[in-house]
Every structure is written in structure tokens, then in C-alpha cells.
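Welcome to a short set of worked exercises. Have your viewer ready, try each task yourself, and then compare your route with the solution.

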Amino acid sequence: MPFQVRPRLGKHFFTPASGMSLADLKKSCDFLAIRTDGFLDKSEFMRAIGERRGDACVSCGEDFAPGEELRVTACGHFGHEQCLIDWCCKSSTERGGAPICWSCRRDPFTRPAEADKVEQANVAAGRKRARGE
């Protein structure tokens, strides 16, 4: 295999959205490229994260346990470490090169450019709310 998979996958400890602080929910939305400028309360953040992240491995479909160590691709998909490593190896072998994310068909090791734009928009919206605009 021409690249190392494990160091290129982010580490994440699963916490159900209902158990996250508002600050952590906002950080998760930024990471997952979820626009939050119209969100008024914690339940809207929790719903959006649940829809985007899910509570199960994208590869095997098994539900995550609270506190379970997961891996996350740069494009924002969560799974068990071995599931993602196996998938990347299989995808790489089948394609004869770097793997492609099974969910969004992008490079799983490069954060999408639009994610940075969403994060910047969320920060700007937060500043406006803080100023009372």
C-alpha cells in the first residue's frame, strides 16, 4: 500500500449529541460543515449533528457506544478504526491508487474546501449574534 492509513484518520470519542455542551455542539457543526447561523437552541444543533454524523459506523453499520474511540475521515465520516482501515485498503487496491470515500466519493484524507467556508460563516454569524445584530 503506497500510504499509511491510520495516521491520516482523525481520532474521535463518540458522545451522543444529547450529552454534548453547546460549545462542543458548535465545534462539531463546524467540523461537519453544518451551517448554524439560523439555529436558535441546543436541540437544533443536536438534530443537525445526528443527521450528519449518525450513531453508527458508516462501514459496518454497528451502533457506537458512548465513549467508544472512533476514527473520522477528513471529509467528516465516522467509523470504527479497523472498518475504515479495511475500507481504505480495499478501495485503494480496487482503484489502483488512493482511496475514495464510500459516502461522498471524495478523498477521505483531504478536508473539503466548503467545510472551511461553512466554518468561517458560522464564526461570522456567532459574532453578529454576540453583538446583537
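Which residues in the largest nonpolar core touch the most other members? Before starting, note that this is a predicted model, where local features need pLDDT of at least 70, side-chain atom pairs count only at pLDDT 80 or more, and totals for chains, interfaces and linings use all residues. Residues are numbered from 1 along each chain as its sequence is written, and side-chain values use heavy atoms, with hydrogens and water left out.

**Exercise 1. Find the nonpolar cores.**

Step 1: Set the terms. Buried means under 20% relative accessible area, exposed over 50%, and partly exposed in between (1.4 Å probe, protein chains only). A nonpolar core is a set of buried Ala, Val, Leu, Ile, Met, Phe, Trp, Tyr and Cys residues joined through side-chain atoms within 4.5 Å.

Step 2: Apply them. The largest core has 17 residues, and those touching the most other members are Leu25, Cys29, Ile34, Phe39, Ile49, Phe64 and Phe78. Two or more residues come from each of α1, α2 (42-53) and β2, and α2 gives the largest share, 3 residues.

Step 3: Look for another. A second, separate core holds 9 residues, including Cys75, Trp87, Cys88 and Cys101.

Step 4: Zoom in on one member. With contact meaning heavy atoms within 4.5 Å, and neighbours within four places in sequence left aside, isoleucine 34 is in contact with Cys29, Phe39, Ala48, Ile49, Arg52, Val118 and Asn122.

**Exercise 2. Describe the aromatic pairing.**

Step 1: Rings of Phe, Tyr and Trp (its six-membered ring) pair if their centres lie within 6.5 Å; planes under 30 degrees apart count as stacked, over 60 as edge-to-face and the rest as tilted.

Step 2: Searching the whole structure gives 1 aromatic pair. Phenylalanine 39 and phenylalanine 45 form this edge-to-face pair, at 5.0 Å centre to centre and with 90° between the planes.

Step 3: Check burial. Phenylalanine 39 counts as buried at 14% relative accessibility, and phenylalanine 45 is buried at 3%.

**Exercise 3. Lay out the secondary structure and examine α3.**

Step 1: Helices (H or I, at least four residues) and strands (E, at least two) are DSSP runs, numbered from the N terminus. The protein chain has 4 helices and 3 strands, in the order β-α-α-β-β-α-α.

Step 2: Helix α3 (residues 81-95) has 15 residues and spans 21 Å from first C-alpha to last, close to the expected 21 Å. That expectation is 1.5 Å times one less than the number of residues.

Step 3: The buried residues of α3 are Cys83, Leu84, Ile85, Trp87, Cys88, Ser91 and Ser92, and they pack against β2 (69-72) and β3 (78-79).

Step 4: Look just past the helix. Glycine 96 follows α3 with a positive phi, near 75°; after α1, alanine 33 has a positive phi near 60°.

**Exercise 4. Explain how many disulfides there are.**

Step 1: A disulfide is a pair of cysteine sulfur atoms within 2.5 Å. The count comes to 0 disulfides.

Step 2: Why does cysteine 60 form no bond with the closest cysteine sulfur? That sulfur, in cysteine 57, is 3.8 Å away, too far for a bond. Cysteine 60 is partly exposed, at 42% relative accessibility.

Step 3: For cysteine 88, the closest cysteine sulfur is in cysteine 89, at 7.0 Å, again too far for a bond. Cysteine 88 is buried, with a relative accessible area of 0%.
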